[in-house]
Amino acid sequence: MDSEPTFSQTNPQAVAVGQPLSRVDGRAKVTGAAKYSAEYNNLPGLVHAVIKTSDVAKGRITSIDTSAAQREPGVLAILTHQNLPKPAQTAESEEGKKAIGPSTQMTFMPLQSDQIFYAAQPVAIVVADTLEHAQQAAAKLRVTIAPEAPIASYQDPKAQLFNPSKEPGGAAEGTKPRGKATAAFAAAPVQLTATYTHATNHHNPMEPGATVAHWEAADRLTVYDTAQGVSWQQRALSVFLGLPTDQVRVITKYIGGGFGCKGPIWPHTVLTALTAKAVGRPVKLVLTRPQMFTSMGHREDQEQTLRVGATKEGKLLAMLHEKHSTTSQWDEYAESNSKIVGMLYACPNFEATTKLAHANVMTPSWMRAPGEAPGSFAIECAMDDLAAQLGIDPIEIRLRNYADRDPSNGQPWSSKSLKQCYQRGAELFGWNKRNPKVGQTREGKLLVGWGMATASYPVNTSQGNARVRLYGDGHAVVQVGATDLGTGTYTIITQVAADSLGIAPDKVRFELGDTMLPTTIISGGSMAAGTVSSSVYVAAQDVWQKLIKVAVADKKSPLYRAKPTEVEVAKGRLQLKADPAKGEAFQALMQRGQIFDIEGLGQGHVGADYEASQFAGATPSGKSGNAKKSDDAGVDAAAGHSMHSFGAHFCEVHVDPELGTVRVTKWVSVIGGGRILNPKTARSQIIGGATMGIGAALMEQSVRDPNLARYTNPNLADYHVCTNADIPDMTVEFIDEKDPYINAMGVKGIGEISMVGTSAAVGNAIFHATGQRMRNLPITPAKMLEAMRPSQKA
Ligand code: MOS
C-alpha cells in the first residue's frame, strides 16, 4: 500500500477530490442564508403547534379539560386522542411496519388512545397563531392521568429479561456463534470476566427535531422535516397518511446534526401532518430541548458481560458476550454490540446473547455507531486488561490477535490498513515512551495515563441514484435526494462531480435534500459518502457515453468515425486513447452541435454489482471491472469480501486524584477509511466522533428516575456534552487506502468509525494513569473518587 502511487497520479481526472476544499455551503451557513427545516416561515397561513406531554410514565388519561386553554388568545385547535384525525395506517401492525419500511423504529403512535406508556408521551397538540400563544394555551390545558407504577429499566426489580423473538430493527442480530465458546473458555489458561455498563445517551444535535407540514391540496403534502433521509420519510409518510408516494414531498436542505436520531421517522412528524390536515393550515412544530429526550430515540441503557479466555501469550481462545438492555413496551430494539466483539480479532470460539426488558420508555434507536461504540468499549477494555495482566504492550497484544480474515464469516477483507493505523498512531503519539507500569507517571499532582484502542465499522452497502446535467457552457447541475447532516455532503459531492465532469468545483451546483430529486440512501450507517459519490461518478460516465456517441458521429469532430470504445475522457476532454492529441473539449463539441445540455443518470452500485472505476483504484483506460476477478477464483470478489474500515485511537488523560476529574490532554486517531474525498471535512468527522466518544466516556448520561421512569436531566445544563474546553487539539491522519471492491469511488464512510473505540481509549488511559479499571460509563468524578479511595486500595 505504501509503495503504491497516490490517487492523483493514478487518476488524471482527480483535481478536486482529495483536496481540503472548504465547505461550499459555508457562506450560506454563516450568513444565515441556509434554511433549516424550522425556518420555512413564509407559507400562507402558517400556524404553530406545541406538544403537551404526560408527566407520568404509565397510566391512563381520566379527563381532559380544555376550557381554560380554549379561552387563550389565538388558539385554533386542541387535538387529543379524542379528536385528532386517525392515521391511515400505523406501524403497530406487521403489515404497516413492512409498508413503512426501514425507517420504522418506534411502532407505537401516541394520541390514539387514553393509555400512557412512557414519560413525556404526547397527550395533546395545541395549535395557535403564534408559538407563544400555543405555549400559553398548552400550559392552561389540564390533562389528568391516573398513574401506575412504571418499569424504569432492565434493572428495575419488576423488569423481566427475555430473549428477543426475532431480529428487530437490524440491530439485535448479533454475530453467529462459532466453535465451542463455553468449553474453550473453561479450558483457557487465562480467563477474564467483567461487566461493563453504559448509561442512556441522547444524541442532542444542535438543531432539534422540527416539522413544517403543508397540505398543498387535500391529497398532496409537502413536509419540511429534520430528516437524515428524505425518501425514507416520504415512504413512511405516504403509508401513515394513505397517500400515493408521489403526493408526499419531503424537503431537508440543511441539518444541524443528527447522529442517528433523525434517521427513522418519529411520531411528531406524522402528528404534525395530521394536525395540519385537521386545522387546514400549514403547521410548524419544533421539539423543545427537553422533548428531544423523549421524541427521537436514544442509546439504550445497557450492560455487557464479556468473558475472555486466552493463552498465556495473550492469544484469544474464546469469547462469550452477553448484553442486557432496556427497550420500550412495544418494540424489541437493541443495538448489536456483539458484531464488533465477534469480528475485531482472530478468536476461534465465540458466542453472544442478547436479553431485553420492556420498560416504560420510548423505543431506543440508532445512535452513532450503534452497537460498535459500546461493544468496542467492552472488547477494547478487556484487551487492555489482558495485556496488563500478561505484561504485554497493548498494541502488541492486538497484533498477536490480528485477524487476517473476518473471523465472523471467514471472508478476506476488501482492504484493511489496521497495522498501518497502529504503527502511524504510535509514531504520532510517541507510544514507545510509554511506561508499561500503571500509576507511575505524574505531572505535578496529576496522574498521567496513555491508552489506545482499535476502531472498526462496516462498510454498509446501499444503492442510490444520481442525475447529472452538464451544460455546454461548462456548468453542471448535479442532483441527488441525499442529505447533508452538516458533515460535508454538499462539499464532497461537489468535488466528485467536478472531477467526474472535468470542470472546476465552482462550476458545479449540487442539489440535495428533496424527494423530487433522484432517490438515494439516508445519511446513516456511514453510507452516504460512498453511495452518493459513486452514483454521481456513474452518472457522469453516462454523460460521457452520450457525448462520445455524438462526437464520433460529428463530421467536424476530430473523433469522427472513431469507435466509442477507443475514446476516453480526461478532464472534460474527449480524446483517442491511442492518440490523446486527437480530441476536443466537451464545450467545443456541445456548442458546435448546439447541444444546450446533456443529462446522465447513475446508480451507486455496491458489492457484487458494481464495476470498479478509476477512482476506486482500478487501472484506467478500459480495464474497469477488473476488480471483480479476484484472487478467489470463481467467486465474485465484492460479494465474497468482508468490507470494513479500521482505525486506532490514542489518548492521554490527566486524572486529579483529589477531585476525581479526568481531562483528555492528547489525542491521535489514525483511520483507514478508503478514499478520503476531502481531508478537511474528513478530519472534522473524526474529531466530532472522537469528541462524542469522549463525551460518552466521561460525561453523557440521561438519568431516568428509578421510581418515576422520568428523565431528571433533559436539558443541556444537566446533560453534559463535551465543549471545546474539554477537548485538546486532536491529531487525525488517514492511511492512503485503495479498496477496489466496495463501490465505484472506493469510499468507506467515516461518520461512525470516528466514535468506535474512543471510550475504551479513554478508559484504558485512565487505567494506565490510576490502576483503576473503570467499567461503568460515564466515568464521572464521583466514580473516580470512589475507585481511588485509599481505604479500597488497602
Ligand atoms: Mo447513524 S446512527 O447511522 O445516523
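User: In what order do the four strands of the open sheet sit, and how are they paired?

Analyst: Keep in mind that this is a predicted model. To read a sheet, go across it strand by strand. Here the order is 20-19-18-24, and the pairing is mixed. From one strand to the next, the twist averages 15°.

User: Which strands stand at the edges?

Analyst: Look for strands with a single partner. Those are strand 20 (508-511) and strand 24 (597-603), so each has one side left without a neighbour in the sheet. Strand 20 runs parallel to strand 19 (residues 476-479), and four bridges join them. If you want to find that pairing on screen, go to Gln479, whose bridge partner in strand 20 is Glu511.

User: Which helices pack on the sheet?

Analyst: Check which strands a helix touches, then its direction. Helix 13 (residues 489-501) touches strand 18 (465-471), strand 19 and strand 20, and makes about 135° with the direction of strand 20. Helix 14 (residues 528-553) touches strand 18, strand 19, strand 20 and strand 24; its angle, about 135°, is taken with strand 24.

User: Now helix 7. Is it mostly covered or mostly exposed?

Analyst: Go residue by residue, calling a residue buried under 20% relative accessible area. Helix 7 (residues 230-241) comes out mostly covered, with eleven of its twelve residues buried. Among them are Trp232, Leu237 and Phe240. The buried residues pack against several elements, including helix 4 (94-100), strand 9 (210-217) and helix 8 (267-279). Right after the helix comes Gly242, with a positive phi near 70°.

User: How many aromatic pairs are there, and how do I read one?

Analyst: The structure holds 20. For each, take the distance between ring centres and the angle between planes. Tyr36 and Tyr254 are 5.7 Å apart centre to centre with 45° between the planes, a tilted pair. Tyr36 is in the loop between helix 2 (26-31) and strand 1 (47-53), while Tyr254 is in the loop between strand 11 and helix 8, so this pair ties together parts 218 residues apart in sequence. Tyr36 is partly exposed at 21%, whereas Tyr254 is buried at 14%. Ring pairs also link these two with Tyr490 and Phe510 into a cluster.

User: What makes Tyr40 and Tyr224 a stacked pair?

Analyst: Their ring centres are 4.0 Å apart and their planes are at 20°, so they count as stacked. Both are buried, Tyr40 at 14% and Tyr224 at 10%.

User: Which rings does the charged end of Lys416 sit over?

Analyst: Look for a charged end above a ring face. That of Lys416 sits over Tyr402, 4.1 Å from the ring centre, and over Phe646, 4.6 Å from its centre.

Technical notes. Residues are numbered from 1 along each chain as its sequence is written. This is a predicted model: local features need pLDDT of at least 70, side-chain atom pairs count only at pLDDT 80 or more; totals for chains, interfaces and linings use all residues. Side-chain values use heavy atoms; hydrogens and water are left out. Two strands pair if DSSP finds at least two bridges between them. Helices (H or I, at least four residues) and strands (E, at least two) are DSSP runs, numbered from the N terminus. Axes are lines fitted to C-alpha atoms, for helices over the stretch in contact, and angles run from 0 to 180 degrees between N-to-C directions. Contact means heavy atoms within 4.5 Å. Buried means under 20% relative accessible area, exposed over 50%, partly exposed in between (1.4 Å probe, protein chains only). Rings of Phe, Tyr and Trp (its six-membered ring) pair if their centres lie within 6.5 Å; planes under 30 degrees apart count as stacked, over 60 as edge-to-face and the rest as tilted. A charge sits over a ring if NZ of Lys or CZ of Arg is within 6 Å of the ring centre and within 35 degrees of the ring normal.
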